[in-house]
Amino acid sequence: MRAAVSATYGAPEVLHVEQLPAPAPGPREILVRNRASTVAAALVAARSGTPWFARLAFGLRRPRYPVLGGEVAGDVVAVGSAVSRFAVGDRVVGLTKMGAGAHAELVLLREDGVVEPLPDGLTEVDAAVLAAGPLTALPFLTVHARVRAGQAVLVIGASGCVGTAAVQIAVHAGARVTAVCGPRGLDLARELGAEKVVDRTTQDVTAAGDRYDVVLDAAGASSYRRCRPLLTDDGAYLSTVPSVPILWRNLWTGRRTRGRRGVVAFTGLRSVEQQLDTLRTALELGRTGELRPVVDAAYPLDKIADAHRHVEHDHKAGTVVVLID
Ligand SMILES: NC(=O)c1ccc[n+]([C@@H]2O[C@H](COP(=O)([O-])OP(=O)(O)OC[C@H]3O[C@@H](n4cnc5c(N)ncnc54)[C@H](OP(=O)(O)O)[C@@H]3O)[C@@H](O)[C@H]2O)c1
């Protein structure tokens with residue numbers, strides 16, 4: 001099978017498509033012919049080994065996982081002897097462990113892992129995108145921020161993989177959304193339901209004097225200290241990007257029910273059950289059209305290095321997809 005392999009940390013050129021032996025499923029595993037996956041900012045960190053804390057998860061001196069990739073969307077081509085949930089020919093969507101192994105033609109998933117039948121009406125590309133940003137945006141907004149109808153929500157980094165999902169999920173919850181992003185994403189943020197859009201290159205949202213019940217920074221572009229004046233008395237500031245100050249703030253205020261809170265959380269640390277529940281919600285919202293999978297660009301597996309370059313250096317509007325034909 002073909003797979004995108006990287007033996008060292010570094011620039012996108014470290015990625016090469018190679019032939020690897022086809023894996024065989026263990027008793028509780030299914031083998032999926034993968035059709036679509038994504039490249040998001042977290043995978044760029046896993047490939048490059050920067051920022052430094054990425055190496056805590058992906059290997060200190062060299063990559064622990066030679067094949068990267070988190071989302072798997074395709075059809076089951078073999079099942080282990082004890083598998084009962086899936087059969088050969090089923091269309092499925094799932095997540096590998098640690099965001100590793102999915103940029104390959106054949107991927108093993110545990111049947112009791114994060115994997116679901118792919119609903120009719122959704123393509124493999126739709127499914128891969130719904131299994132990416134929404135898996136972070138949903139728990140951040142619904143579990144950690146406890147967003148409610150009528151609240152004011154600010155999404156920083158609204159044009160990205162997590163941000164495009166966050167805008168839609170907050171709108172779906174009945175919140176009034178203000179979206180902050182670069183000029184290329186402004187129209188998209190409006191289309192996704194944001195009431196107000198702020199061009200980060202010309203306006204400073206912290207200087208506008210508006211207040212929010214929830215500030216979700218999906219770009220790591222702000223800080224609790226800078227955003228605190230924007231929060232209502234019981235407002236929550238959430239960041240998807242860890243830093244020492246937000247980790248500290250989370251320790252002291254993350255679980256508060258009253259007063260201002262600062263929260264950082266990690267999708268990869270959620271239990272299989274929690275991630276499965278979120279995947280089901282994302283797929284259902286996608287199936288009903290309430291959550292639009294926004295594709296910025298699609299690259300074939302052979303152009304995986306270009307996909308990484310695009311995510312790393314360009315201003316995207318949505319999610320970058322890898323097509324594995
Ligand atoms: N904690 C977790 O579990 C978790 C899970 C997933 C992702 N993440 C992290 O969350 C971050 C976002 O991930 P992603 O996949 O959504 O990345 P992404 O698709 O690259 O999106 C980041 C967005 O931020 C925008 N941006 C950049 N600088 C900005 C600024 N100063 N102000 C406002 N917006 C800015 C970019 O748009 P423009 O360039 O057009 O402005 C881009 O759309 C990454 O650091 C990733 O590692 C964390």
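Biologist: Which residue of strand 2 stands opposite alanine 3?

Modeller: The model is predicted, with local features needing pLDDT of at least 70, side-chain atom pairs pLDDT 80 or more, and totals for chains, interfaces and linings using all residues. Numbering runs from 1 along each chain as its sequence is written, and side-chain values use heavy atoms, without hydrogens and water. Strand 1 (residues 2-5) and strand 2 (residues 16-19) run antiparallel and are joined by four bridges (at least two DSSP bridges make a pair; strands are DSSP E runs of at least two residues, helices H or I runs of at least four, numbered from the N terminus). In strand 2, the residue opposite alanine 3 is glutamate 18.

Biologist: Which residues of strand 1 are buried on the side other than that of Arg2 and Ala4?

Modeller: Arg2 and Ala4 are buried on one side of strand 1 (under 20% relative accessible area, 1.4 Å probe, protein chains only; exposed is over 50%, partly exposed in between). Both faces are covered, and buried on the other side are Ala3 and Val5.

Biologist: How far apart are the end C-alpha atoms of helix 9?

Modeller: Helix 9 covers residues 272-287, 16 residues in total. At 1.5 Å a residue (times one less than the number of residues), the helix should span 22 Å. The C-alpha distance agrees with this expectation, as it is 22 Å.

Biologist: Which elements are among those covering the buried residues of helix 9?

Modeller: The residues to be covered are Gln275, Leu276, Thr278, Leu279, Ala282, Leu283, Leu285 and Gly286. By contact (heavy atoms within 4.5 Å), the cover includes strand 5 (91-95), strand 7 (115-117), helix 3 (124-130), helix 4 (133-144) and helix 5 (161-172).

Biologist: What phi does glycine 289 take?

Modeller: Glycine 289 lies just after helix 9. Its phi is positive, at about 85°.
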